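Please describe how the parts of this two-chain model are arranged. The report should cover domains, cores, sheets and selected residues.

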Amino acid sequence: MPLSEAVIEVHEMTLRFGDKVVHEKLNLSVRRGEILAIVGGSGSGKSTLLRVMAMLQSPSAGTLRVLDNEVTNMSMAQTLRLRRRLGVLFQNGALFGGMSVLENAGVPLREHTNLSATLIDEIACVKMALVGLSPDDGLLYPNQLSGGMRKRAALARAIALDPELLFLDEPTSGLDPVSAASFDELILELKSALDPTVVIVTHDMDSLWRVADRVILLGGASVLAEGTMSELASSHDPAVMHFFQNPRAHAAQESV
Amino acid sequence: MRALNEDKQQMATLQMDGTLLRCGGDWTVSQLSVLELSLKQTRLPEGRVQIDLSEVRRIDTGGAWVLQRLLLKLEQRQQAVEVRGLSAEAKGLLELVRNTAITPASVPRLYHSGVVEDLGRSSLDRARTSIRLLAFIGEMASVWLGQLIRPSRIRWRETFHELGEAGYKALGIVGLLSFLLGVVIAYQGGMQLRQYAASLFVADLVGLSMVRELAPLITAIIIAGRSGSAYTAQIGTMQVTEEVDALRSMGIAPMELLVLPKLLALIIALPLLTVYADIMGVLGGMVMASAQLDVGFPAYIDRLSVAVSVESYLVGIGKAPVFAAIIATLGCYQGFQVAGSAESVGRRTTLSVVQSIMAVIVVDAAFSVALNYFGI
């Protein structure tokens, strides 16, 4: 099958909350195997777009296809089955506070497989090792973790079932530059190891240059521009320049 | 490979053919359970082993781990292993899992303590909790005394808000439940009294039991469930979201803003609610008496004024502020004990309600004994 096959297709999608229009007839597609970054100013609807694509928010109008399934008219059972093929890393981790890291990482396995507790713990340990946590970190509880460790633990849970699609909501926000850079590397390592299609919402310029294959800029309730990072950075469209041609963006570009 | 349909999945298999282990099917987490069981039960062959994976259709990290686990086991038994028929994907995943250097022994085990240790720990824990509760009451009292000296520091706005929440909004449920309680007592007691042609004394029965004991108790129990739980959940959630720390950082004492208005409001509201419950309970008894026992309203009210002394009435209402203090203190205290997670909010809320209701009933019993001793 061709590499550029679309795993997510958003067609003429509109999302409203009351009178507030978040997205108006938005179109975009995510290709298999790519790392797609969604950027935009605060309040441009990046995270809600991610929630729509991860099937956590249903659009007000328009269609959404995820992994060759028409999501808009799906039964509950089909939705649940499809969700197992997705992994989501939430902005603040959303780890279950009453469970240790090891238990958190094993939740999807415990729910969706019949494996023994021992084997589940071992697989959870492997996943934790893949995101850079040691087995002993598994006994810690979420409120004992630093911000960076919390994100890693949440990522271990997100990849528990080897998802085909991985959604990352602001993976590097709240991390110091060193941790953020190592998280970027981690994303690339996981990408090459497990080969999921990755959708990242971020406004971290360094991370955009480092990991994104393709970037979509949101603004005014729809897609303002899309392309590779260098294409967007050299664009002459004023709206795009406004976002990518400021001192902070330049600094990130020069450091690449 | 991944586009294969979900329903066409096959269980992962492992067939033994002398020293050749033939693997097949889908080595993915959802298809591994049978293989895991059979691997536990089968005896692995001795000597040099070959593992053939050419019939494995799909593999994921879980499958790769099961394979790695098998390899580790053979390695431990110092057997030579030859793995063949690995697809590029399987090779990559096996490499990945191997590089994590995880072994079955590296899974951390939770330390399980014995009975004696548990007993010791929980005793210590309880002792510490009691001390912390005492410290909390002490802190509350000292802030409150400070406010009594300078009444301008009392937060009237918050207090009135709490008064509305805990008092006014509880009128419906307190009224309904005490009315029904009056009905039940009149009905059950009246049936007995009628046998002795003493139906009129139903007024004594309902009046005394409601006014002296049941109205204060049922009101306190309702408020413990309604407001005590809300106090714990509110303060607990604020604790989790660091709002309590935010207040502290702005130089606002959480005790002053969060606890004392609730305490003050409840101490005012609960006696008033008790009076209301008295009226509704007696009313319930009155309705029942006239409907079932042919005791008219005037006769009932006449009898009531003889049966229920002012003392009994005041004893009932006098208990209410004490109950209020218990409920508000325990509710707020448990709220501040919340640490970390949403689960902790739930646990503390349960604790707060259970402890408040228990304390209210124990204190009520103590009141009965003490008042009896003093002959009131």
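In chain A, 14 residues of domain 1 are in contact with 12 residues of domain 2, where contact requires that the C-beta atoms of two residues, placed from the backbone, lie within 7 Å. On the domain 1 side, the elements that contribute two or more residues are β7 (165–169) and α6 (177–194) of chain A. The largest share of that side, 6 residues, comes from α6(A). Sorted by class, the domain 1 side has 8 nonpolar, 3 polar and 3 charged residues. Here Ala, Val, Leu, Ile, Met, Phe, Trp, Tyr, Cys and Pro count as nonpolar, Asp, Glu, Lys and Arg as charged, and the others, Gly among them, as polar. Helices (H or I, at least four residues) and strands (E, at least two) are DSSP runs, numbered from the N terminus.

The model is predicted; local features need pLDDT of at least 70 and side-chain atom pairs count only at pLDDT 80 or more, while totals for chains, interfaces and linings use all residues. Residues are numbered from 1 along each chain as its sequence is written, and chains are lettered from A and ligands numbered from 1 in the order in which they are written.

Both chains have two assigned domains, with bounds that come from an automatic or database domain assignment. The table gives the bounds and the separation of the C-alpha centres.

| Chain | Domain 1 | Domain 2 | Distance between C-alpha centres |
|---|---|---|---|
| A | residues 1–85 + 164–219 | residues 91–162 | 22 Å |
| B | residues 6–103 | residues 144–373 | 66 Å |

Between the chains, 26 residues of chain B are in contact with 30 residues of chain A. The chain B side draws two or more residues from each of α1 (33–41), α2 (61–76), α3 (88–99) and α12 (342–373) of chain B. Its composition by class is 12 nonpolar, 9 polar and 5 charged residues.

The largest nonpolar core has 99 residues, and I38(A) and F167(A) touch the most other members. Such a core is a set of buried Ala, Val, Leu, Ile, Met, Phe, Trp, Tyr and Cys residues joined through C-beta atoms within 7 Å. A residue is buried if 20 or more other C-beta atoms lie within 10 Å of its own, exposed if 12 or fewer, and partly exposed in between, with C-beta atoms placed from the backbone. Helix α4 (residues 117–130) of chain A gives the most to the largest core, with 9 residues. Leaving aside residues up to four places away in sequence, F167(A) touches L50(A), M53(A), A54(A), L86(A), V88(A), L89(A) and V199(A). A second, separate core of 55 residues includes V206(B), V211(B), A277(B) and I326(B).

Chain A has an open sheet of 4 strands in the order β2-β1-β4-β5, with antiparallel pairing. Strands count as paired if DSSP finds at least two bridges between them. The edge strands, each pairing on one side only, are β2 (20–31) and β5 (69–70) of chain A. Strand β1 (residues 6–17) of chain A pairs with β2(A) in the antiparallel sense over 8 bridges, and the bridge partner of R16(A) in β2(A) is V21(A). Helix α1 (residues 46–53) of chain A packs on this sheet and touches β1, β2 and β4 (61–66) of chain A; its direction makes about 125 degrees with that of β1(A). For this angle, axes are lines fitted to C-alpha atoms, for helices over the stretch in contact, and angles run from 0 to 180 degrees between N-to-C directions.

In chain B, strand β1 (residues 13–17) and strand β2 (residues 20–27) run antiparallel and are joined by 5 bridges. M16(B) has L21(B) as its bridge partner in β2(B). These two strands form a hairpin with 2 residues between them, and G18(B) in the turn has a positive phi of about 65 degrees.

Most residues other than glycine have a negative phi. L67(A) has a positive phi, near 50 degrees, and lies in the loop between β4 and β5 of chain A. With 17 other C-beta atoms within 10 Å, L67(A) is partly exposed. A101(B), also not a glycine, has a positive phi of about 60 degrees. This residue is found in the loop between α3 and α4 (115–149) of chain B. A101(B) is exposed because 9 other C-beta atoms lie within 10 Å.

T350(B) is in helix α12 of chain B. T350(B) is partly exposed, with 13 other C-beta atoms within 10 Å. The C-alpha atoms of T350(B) and T232(B) are separated by 9.0 Å, although the two residues are 118 residues apart along the chain.
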